[in-house]
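Work through the exercises below with the coordinates open beside you. Each task is followed by a solution that goes step by step.

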Amino acid sequence: MRYKRFPLGGLWTNGYLFWDEGGEAFFVDPGGDATEVLEFIRGHGLNLRAVLLTHGHLDHIVGVRDLQPLVGGEVYISGGDADMLRRPSEAMQTALRMRCEGLADFHEVAEGMTLAVGAFRIEVMETPGHTPGGVCYLIRDGEERVLISGDTLFAQSVGRTDLPGGEPSRLDDSLRKLSKLPDSLLVLPGHGPETTIGKERQHNPFWPV
């Protein structure tokens, strides 16, 4: 599976570019200036078809405007976080010293939906708790699979629940859902290093018993 991680913005949010053999591509969570991403796309002759968002926090959406000219309305976020994309929080913009213009042209995703980009099939898993509408994306390319976990699951940690819309009990339920995935599954989180479901089952203090 071809992908490249781009740490973007002041919080070094992990954005991920995926592309198949034919150059069909999508990007997950552009959390800062996406100039480097655009240069890579153009330099490798890729066709960016979609932008996927795991949730609506500013440090995961602020670079959408940089990529939107390539994808038009093919931007995807859960219905639960859609208003965060339409009207980004002024308080968060001030706190993070980021400016983010709202977006009106996008699609809402929900549990069980499958998106297709080139050879990829992308299953939506609703995993609220960090935000009301947080999702993970289970990406398949042939027999290969990888999980984009956003801020639901990190290596040996989880997303915070003390921000507006966060709910610890819902995050616990989301982790229980992820615990049903196979140990060998690679996890690409929104911040920090990659991990696997098996490593988190063994070492994550927040993992459900």
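The exercises concern a predicted model, and they go from the whole chain to single residues.

**Exercise 1. Determine how the overall dimensions of the chain relate to the globule rule for its length.**

Begin with the inventory of secondary structure, which comprises seven helices and 14 strands. The radius of gyration is 16 Å, and because the globule rule gives 17 Å for 209 residues, the two values are close and the chain is as compact as a globular protein of that length. As a further description of the dimensions, the C-alpha trace spans about 45 × 45 × 30 Å along its principal axes. Then turn to burial and sequence separation: buried residues account for 53% of the 209 residues, and of the contacts between residues at least 6 apart in sequence, 57% join residues at least 24 apart.

**Exercise 2. Describe the surface and the charges of the chain.**

The accessible surface amounts to about 9500 Å², and carbon and sulfur atoms hold 48% of it. For the charges, count 20 positive and 30 negative side chains, and then compare the centres of the two sets, which lie 1 Å apart.

**Exercise 3. Identify the largest nonpolar core and the elements that build it.**

The largest nonpolar core has 25 residues, and Leu-17 and Val-75 are those with the most contacts inside it. Two or more residues each are given to this core by β1 (2-8), β2 (13-19), β3 (24-28), α1 (35-43), β4 (47-52), α3 (64-71), β5 (75-78) and α4 (82-86). The largest share, four residues, comes from α1. Apart from this core lies another one of 19 residues, which includes Phe-26, Leu-52, Val-124 and Ile-139. As background, nonpolar side chains in soluble globular proteins tend to be buried together.

**Exercise 4. List the contacts of Leu-17, Val-75 and Leu-85, leaving aside neighbours within four places in sequence.**

Start with Leu-17, which is in contact with Arg-2, Tyr-3, Lys-4, Phe-6, Ala-25, Phe-26, Phe-27, Phe-40, Ile-41, Leu-46 and Leu-48.

Next take Val-75, which lies in strand β5. Its relative accessible area is 0%, and since buried means under 20%, Val-75 is buried. The contacts of Val-75 are Val-51, Leu-53, Val-64, Leu-85, Leu-103, Asp-105, Phe-106 and His-107. As a distance check, Val-75 and Pro-30 are 45 residues apart in sequence, and their C-alpha atoms are 11 Å apart in space.

Finally consider Leu-85, which lies in helix α4 and counts as buried at 2% relative accessibility. Leu-85 is in contact with Leu-53, Ile-61, Val-75, Ile-77, Gly-102, Leu-103 and Phe-106. Pro-205 is 120 residues from Leu-85 along the chain, and 32 Å separates their C-alpha atoms.

**Exercise 5. Locate Trp-12 and Gln-156, and examine their phi angles.**

Trp-12 is placed in the loop between β1 and β2, and its phi is positive, at about 50°, although Trp-12 is not a glycine. To decide whether Trp-12 is buried or exposed, compare its relative accessible area of 58% with the cut-off of over 50% for exposed residues, so Trp-12 is exposed.

Gln-156 lies in the loop between β11 (153-154) and β12 (157-158). The phi of Gln-156 is near 60°, which is again a positive value in a residue other than glycine.

How values were computed: Residues are numbered from 1 along each chain as its sequence is written. This is a predicted model: local features need pLDDT of at least 70, side-chain atom pairs count only at pLDDT 80 or more; totals for chains, interfaces and linings use all residues. Side-chain values use heavy atoms; hydrogens and water are left out. A nonpolar core is a set of buried Ala, Val, Leu, Ile, Met, Phe, Trp, Tyr and Cys residues joined through side-chain atoms within 4.5 Å. Buried means under 20% relative accessible area, exposed over 50%, partly exposed in between (1.4 Å probe, protein chains only). Contact means heavy atoms within 4.5 Å. The radius of gyration is taken over C-alpha atoms; the globule rule is 2.2 Å times the number of residues to the power 0.38. Accessible areas come from the Shrake-Rupley method with a 1.4 Å probe; for residues, only the protein chains shown count as cover. Lys and Arg count as positive and Asp and Glu as negative; His and the chain ends are not counted. The place of a charge is taken as NZ of Lys, CZ of Arg, CG of Asp or CD of Glu.
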